[in-house]
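The following report describes local packing and backbone features of a structural model. Please consult the sequence and coordinates shown here alongside the text.

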Protein chains: 2
Amino acid sequence: MASGQFLDVCIVGFGAIGALYAFALHKSGQVRITAVCRSNYDALRDEGLDIDSDRFGTHSAWKPYRVVRTVEEAADRHYSYVICAFKCLPEIVTTPALLCPVLSRLKTSPSKEPTTFVLLQNGIGIEDDLLAELSNIDVPTVVLSGCCWVDTTAVDSGRKIVQHGNERLVLGYHQPPGGFKDMAEELSKRSLETLCSLLRSAEGNVEAAPDVDVARWRKVLWNASFSTLCTLTRCHVGDVLALETSRLALRDIMAEVLTVARASLPPSELREQVLADHVVDQIMEHENPRSVFRPSMLVDLDHGRPMEVEAIVGGVLRRGKAKGVATPKLDLVYAALAVVQSKLVKTR
Amino acid sequence: MASGQFLDVCIVGFGAIGALYAFALHKSGQVRITAVCRSNYDALRDEGLDIDSDRFGTHSAWKPYRVVRTVEEAADRHYSYVICAFKCLPEIVTTPALLCPVLSRLKTSPSKEPTTFVLLQNGIGIEDDLLAELSNIDVPTVVLSGCCWVDTTAVDSGRKIVQHGNERLVLGYHQPPGGFKDMAEELSKRSLETLCSLLRSAEGNVEAAPDVDVARWRKVLWNASFSTLCTLTRCHVGDVLALETSRLALRDIMAEVLTVARASLPPSELREQVLADHVVDQIMEHENPRSVFRPSMLVDLDHGRPMEVEAIVGGVLRRGKAKGVATPKLDLVYAALAVVQSKLVKTR
């Protein structure tokens, strides 16, 4: 184990998701957290973080091992895990550009211990640019990604994290495209197991996915339909479920996503099972018609912040285009959201 | 000519369009206007209307012959023309329901002089319910409809009408479905000619359309694409024109409208000419990329007022469905706008 008895873990993006899993890892007793914060740096350094979580308990004024403002500041040491919990906004900054100081260090001061990058972000193809960048670096690395199924919010300007109800994290590894192919799979499996076991020791409800791509497509089914329609209409989930025409639109969008998913993923029993047509029925039946939930994309718009349109919708469209799958409704959704997004980006 | 030397004309809906053409008819010197006002009744009765129009000139404190609050009040006499310039919102009130007192009078106190209904409203199929209702009434009536190509706005709570630049009104007659078929066409032509000549005598730029349906579809091409995308994105025309993806979406929507139009209208040289594919190019080239114009549908949303989604999008979809034409993008646009509309209707 590196750094004496502790694994060094860097969390980039200390919003609700980043902070929640940082705390879970800290709770394992085997990890030292370096938190890269932007808006909540002062609050976190001076007062620490309150946590009110159904899964991880109630805690007052928790301070991570280190709080820093930039990835550059954080890149003074080797990390076993670099957890990316920032919003995925490639039109503003790509993941490799954002992680540049950490990636440079891998080149100039390679460690014997591998570094694992963990992408806790929504969307399809969010790993592509990082994998491409890592294939140019001459040390073995691992890329994991995870889908968080959790209702968690940062309140009080990021001084407090609230998490209600269930929490579930599905984690898996990506196949690096570059060198080290022979050792990569073994390394990835080991790194995935370690991270799962750390989170489990803090009572996290974590699941190692046999195929993380299938899990990611399953999650984007909801985000590409519910999140986008809620955002375009500025309405909560219940409003979008209230009309037959919009329920049909949700179904039609999910059907398009499913078609792209099946065209993009290699055939497998898991794929047929997780991404079957009847999953759409299950999702529609599972949703509460009285829900007043506002998806994070809409919350971003409410606050004038850029939205993850590229990761969530653009990612599906790029895979669809590559496979020659028509996506008329998603194209329209993307076109409309891209206009909204372009104004949000301009007025940042 | 009825009522001595004057034709009685009732204008229902005294917003910018209603007031502008009411004034033009008044200017002809051959018409007595009864204006049915809602929000601007007090202002109009007490102070009259200021008009600042590039086409019809500048006038101060013009008062119509009569100003009334309701169609019921207006229905104390026979009208040669009943001009409907209210917003077409069939989910709130249908045109026959709104005109009920006038329609009842036709039944109980039929006049020798026919009544012509003139629909100055956007959308497809907006005449359907009125034609159906008139076919149950045992007196000859005429239904004209018109597409207004004019930039006109009511300001100062409806006390003033501003009209800038060009003005063009395309008017034509519909074929009544009920009795009087033999005399209906002749009557309709005469009524259309009279109205055109009245407006022309006030220097109105009015055009008698050989086929009003073709003209209406030509106009809805713009409204179903530009108006809806501007409304969904809450952006002006220039913003929607700024991205390649949204320009493509505008074109795709117009292509769907054209397909429905061609399937719905009988073949004719005019149809091929006015609704050819290259019309989409013409529209796209004609629009100004720096335009900050907000279509009336978006202005309605800005003010929390119900929008003409049913007339403009629903009308196209109903015709498309009747003809088995697929409209995937318009379906999605409709589904999203219907969610927004349903909240606007609820909170009226």
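## Loop residues

B:Ser291 counts as buried because its relative accessibility is 14% (buried means under 20% relative accessible area, exposed over 50% and partly exposed in between, with a 1.4 Å probe and protein chains only). The model is a predicted one, in which local features need pLDDT of at least 70 and side-chain atom pairs count only at pLDDT 80 or more, while totals for chains, interfaces and linings use all residues. Residues are numbered from 1 along each chain as its sequence is written, chains are lettered from A and ligands numbered from 1 in the order in which they are written, and side-chain values use heavy atoms, with hydrogens and water left out.

B:Ser291 belongs to the loop that runs between α12 and α13 (296–302) of chain B; helices (H or I, at least four residues) and strands (E, at least two) are DSSP runs, numbered from the N terminus. Residues up to four places away in sequence aside, B:Ser291 touches B:His236, B:Val237 and B:Gly238, where contact means heavy atoms within 4.5 Å.

Most residues other than glycine have a negative phi. Two non-glycine residues of chain B with a positive phi are listed below.

| Residue | Phi | Loop in chain B | Relative accessibility |
|---|---|---|---|
| B:Ser157 | about 55 degrees | between β8 (141–155) and β9 (160–173) | 67%, exposed |
| B:Glu203 | about 70 degrees | between α7 (181–201) and β10 (206–208) | 57%, exposed |

In chain A, A:Pro90 is located in the loop between β6 (81–84) and α4 (95–98). A:Pro90 has a relative accessible area of 33% and is therefore partly exposed. The C-alpha atom of A:Pro90 is separated by 7.8 Å from that of A:Ala311, although the two residues are 221 residues apart along the chain.

## Buried residues and the nonpolar core

B:Leu44 is part of helix α2 (residues 41–47) of chain B and, at 1% relative accessibility, counts as buried. Beyond residues up to four places away in sequence, B:Leu44 touches B:Phe14, B:Ala35, B:Cys37, B:Leu49, B:Lys63, B:Pro64 and B:Val67.

A nonpolar core is a set of buried Ala, Val, Leu, Ile, Met, Phe, Trp, Tyr and Cys residues joined through side-chain atoms within 4.5 Å. The largest nonpolar core has 100 residues, of which A:Trp217, A:Phe226, A:Val257, B:Trp217, B:Phe226 and B:Val257 touch the most other members. Neighbours within four places in sequence aside, the contacts of A:Phe226 include A:Val237, A:Leu241, A:Leu250, A:Met254 and A:Ile283.

## Helix crossings

Which residues make the contact of α8(B) with α12(B)? The axes of α8 (residues 212–233) and α12 (residues 278–286) of chain B come within 12 Å and cross at roughly 60 degrees, and α8(B) is therefore oblique to α12(B). Axes are lines fitted to C-alpha atoms, for helices over the stretch in contact, and angles run from 0 to 180 degrees between N-to-C directions. Angles under 35 degrees count as roughly parallel, over 145 as roughly antiparallel, 65 to 115 as roughly perpendicular and the rest as oblique. The contact involves B:Arg218, B:Leu221, B:Trp222 and B:Phe226 of α8(B) together with B:Val279, B:Ile283 and B:Met284 of α12(B).

In chain A, the axes of α10 (residues 244–264) and α15 (residues 328–346) come within 8 Å and cross at roughly 105 degrees, which means that α10(A) is roughly perpendicular to α15(A). Here A:Asp252, A:Ile253, A:Glu256 and A:Val257 in α10(A) meet A:Pro328, A:Lys329, A:Leu330 and A:Val333 in α15(A).
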